[in-house]
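This report describes selected features of one protein model. The topics are strand pairing, a single histidine and a pocket.

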Amino acid sequence: MSRTLVAFHAHPDDEALLTAGTLAKSAAAGHRVVLVVATDGALGLTSEDFRAELGARRLHELQRSAAAMGVARVIHLGYADSGMVGEVPPDPPGGRRFVRATGAAALLAGILREEGADVLMSYDAAGGYGHRDHRKVHEVGAEAARLANTPRVVEATAPREVLARAVRLLSRLRTLPGDFDPQVYERAFTPRDRITHRIDVRGHIPAKRAAMRAHASQAAADDGADRTLGQFLRVPRPIYDVVFGREWFRDPAHSGPVSDDIFAGLA
């Protein structure tokens, strides 16, 4: 039976690392995949070459990523990027930083109802590595699913222990930027025993890599430096498949063994 999956992310490129394989796999299986982003990512880090009109550029990159994954519809909720560190910047003229949004859950719930969503994909309570817009996605997603009576919520995450081990491996291969702090991943995401879904996406690695490559602005930095996304794209394919060939989710309502299908058991 064909289902509808709505994937809710904070910024363009967030869909690529943790969920692109599952989105591509779902689309390839005939399910309708809808991608919603809260912000345009205009405060993202990048090089001088990409800084002008960064928000518009990143939304264009998102469309290319979505096409690579087979996404049927892309929606931008229209909020402004809240930034990752420091004080939240003032709201832009006529806009609102996502962390200050008060009506986002109602907006997303309207999309869930319109699409007849069977599954909402959002983030874990930690927001992955802790970005404030990612934590807001978790809060907004949970409330929107409640308002829309969406049957299932799966929170994109990774088993903390596995991710930390993968980061240590990449560090030994010297494929990470010099200022990358592996210790962050010792505390981020979700403990292994709370993971409810483990999805094998190795058959959709080309789509996942294409989704990552689409976000050129997020792989660029000044003075010849390299961003984490750019480093990941240079990981040799056999190692890439090991590190990125599975994606993990947590369904707060799930009980029983770890599942390999986010749609399994839906009425």
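In this predicted model, strand β1 (residues 4-9) and strand β2 (residues 32-39) are paired in the parallel sense, with 6 bridges between them. One of the residues of β1, T4, has R32 of β2 as its bridge partner. The two strands belong to a right-handed β-α-β unit, in which the helix is α1 (residues 14-28).

β1 also runs parallel to strand β4 (residues 119-123), and 3 bridges join the two. Here L5 of β1 stands opposite V119 of β4. The pairings of β1 are set out below.

| Partner of β1 | Sense | Bridges | Residues facing each other |
|---|---|---|---|
| β2 (residues 32-39) | parallel | 6 bridges | T4 and R32 |
| β4 (residues 119-123) | parallel | 3 bridges | L5 and V119 |

How many of the 6 residues of β1 are buried? The count is 6 of 6, so the strand is largely enclosed by the rest of the structure. The cut-off for buried is under 20% relative accessible area. In a regular strand, side chains alternate between the two faces of the sheet. In β1, T4, V6 and F8 point one way, while L5, A7 and H9 point the other way. Residues on both sides are buried.

A second site of interest is H254. This residue is placed in the segment after β7 (246-250). Is H254 buried or partly exposed? Its relative accessibility is 26%, so H254 counts as partly exposed, the limit for buried being under 20%. Leaving aside residues up to four places away in sequence, H254 touches T196, H197 and S259. I195 is 59 residues from H254 in sequence, yet the C-alpha atoms of the two are 9.6 Å apart in space. The side chain of H254 also has a polar atom 2.9 Å from the backbone oxygen of P257.

The last topic is the second largest pocket, which holds about 160 Å³ of space. Its lining consists of V162, R165, A166, L169, V242, V243, R246 and W248. The elements giving two or more residues to this lining are α6 (160-172), α9 (237-244) and β7. Which element gives the largest share of the lining? That element is α6, with 4 residues. β7 thus appears twice in this account: as one of the elements lining the second largest pocket, and as the strand that precedes the segment holding H254.

Note on methods:
Residues are numbered from 1 along each chain as its sequence is written. This is a predicted model: local features need pLDDT of at least 70, side-chain atom pairs count only at pLDDT 80 or more; totals for chains, interfaces and linings use all residues. Side-chain values use heavy atoms; hydrogens and water are left out. Buried means under 20% relative accessible area, exposed over 50%, partly exposed in between (1.4 Å probe, protein chains only). Two strands pair if DSSP finds at least two bridges between them. A crossover is right-handed if, with the strands pointing away from the viewer, the path from the first strand over the helix to the second runs clockwise. Contact means heavy atoms within 4.5 Å. A polar contact is a pair of N or O atoms within 3.5 Å; within protein, one must be able to donate a hydrogen and the other to accept it, and residues adjacent in sequence count only if both atoms are side-chain atoms. On a 1 Å grid over the protein atoms alone, a cavity is a set of points where a 1.4 Å probe fits but cannot get out, and a pocket is an open set with protein on both sides within 12 Å along at least five of seven lines; lining residues have an atom within 4 Å of a point. Grid points are joined across faces, edges and corners, and a volume is the space filled by probe spheres set on the points.
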